[in-house]
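Visitor: I am new to reading protein models, and I would like to go through this one slowly with someone. Could you take my questions in turn?

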Amino acid sequence: MRQSLVIGNWKMNGTRASAQALAQGIIAGLGTSNAALAICVPYLHIPDISQVVSGTQLALGSQNIADKAAGAFTGEISASMLAEFGCQYALVGHSERRSYYGDTDATVAARFAQAQEQNIIPVLCVGETLEEREQDQTFQVINKQLDAVIDVAGVAAFSRAVVAYEPVWAIGTGKTASDEQAQEVHSHIRKYFADKDQAIADKLQILYGGSAKPDNAKGLFAMPDIDGGLIGGASLDAESFLKIYNSTKAV
Ligand code: PEP
């Protein structure tokens, strides 16, 4: 049985003080769930939050990671810098990075590899736009996004990675995929891996992301191939985030 995992994506929100208070609020409300929990916070808040989460069950992650190890890459933050502050996860290929900041399948694959070089677990985000879904291209789009990473890192690399299915049309829009729509794609992703390596597929945590909220999380997480969630808006409130976390399947 796979351990459930819930990751918060704070995006570009919060002040230094509010970020610390939110992390403290999450830690204070942690119960006895044996699911894993992480928050991906803005880069500038990582030093503060790494101290807040130290010694707790709450793990820390970044929202992006450089596609190179070091050097003349102005404005970038490397995997080794993130590792030094205790980041255990890094989002790679979030649709906001792909659509607003020019991330391509190739740069996403390079970021994924850089994370693993420093033992940071990449959370590879994949998903289709509304137009692609309406043209029945969902599976093709996701296969292409996964192929690009496997071509660079190999399938075995997914024993140390997480995949997040995030339909672009559901992110920040209030429109959630139905339990069945999400399960259909998660099952497709698991089969994609099973065709290459059954053991990797069986162990791979596949998270759902896209307007997940306390009132829809339980239904989504009950689906057999949904192992937790990547949560944007609802992760900015400790109570909502913890309700979602407490909706994961017991293992
Ligand atoms: C996300 O940013 O990954 C996300 C899923 O956002 P939201 O939950 O706000 O749709």
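Visitor: At roughly what angle do the axes of helix α7 and helix α8 cross?

Guide: This is a predicted model, in which local features need pLDDT of at least 70, side-chain atom pairs count only at pLDDT 80 or more, and totals for chains, interfaces and linings use all residues. Residues are numbered from 1 along each chain as its sequence is written, and side-chain values use heavy atoms, with hydrogens and water left out. Helices (DSSP runs of H or I, at least four residues) and strands (runs of E, at least two) are numbered from the N terminus, while axes are lines fitted to C-alpha atoms, for helices over the stretch in contact, with angles from 0 to 180 degrees between N-to-C directions. The axes of α7 (residues 138-153) and α8 (residues 179-194) come within 11 Å, and they cross at roughly 40°.

Visitor: Which word describes how α7 lies relative to α8?

Guide: Angles under 35 degrees count as roughly parallel, over 145 as roughly antiparallel, 65 to 115 as roughly perpendicular, and the rest as oblique. The crossing angle therefore makes α7, relative to α8, oblique.

Visitor: Is the crossing of α10 and α11 left-handed or right-handed?

Guide: The axes of α10 (residues 214-221) and α11 (residues 238-245) come within 8 Å and cross at roughly 20°, which means that α10 is roughly parallel to α11. A crossing is left-handed if the near helix is turned anticlockwise from the far one by less than a right angle, and right-handed if clockwise. The way α10 passes α11 is right-handed.

Visitor: Where in the chain is Lys11?

Guide: Most residues other than glycine have a negative phi. Lys11, however, has a positive phi near 50°. Its place is the loop between β1 (5-9) and α1.

Visitor: Which loop holds Asn119?

Guide: Asn119 is not a glycine, yet its phi is positive, at about 60°. Asn119 is found in the loop between α5 (105-117) and β5 (121-126).

Visitor: How far is an oxygen atom of the ligand from an N or O atom in the side chain of Lys11?

Guide: A polar contact with the ligand is a pair of N or O atoms within 3.5 Å. For the side chain of Asn9, an N or O atom is 3.1 Å from a ligand oxygen. For the side chain of Lys11, the corresponding distance to a ligand oxygen is 2.7 Å.

Visitor: How many residues surround the ligand?

Guide: A residue counts as near the ligand if one of its heavy atoms lies within 4 Å of it. The closest are Lys11, Glu166, Gly172, Ser211 and Gly233, and the residues that surround the ligand number 14.

Notes. A polar contact is a pair of N or O atoms within 3.5 Å; within protein, one must be able to donate a hydrogen and the other to accept it, and residues adjacent in sequence count only if both atoms are side-chain atoms.
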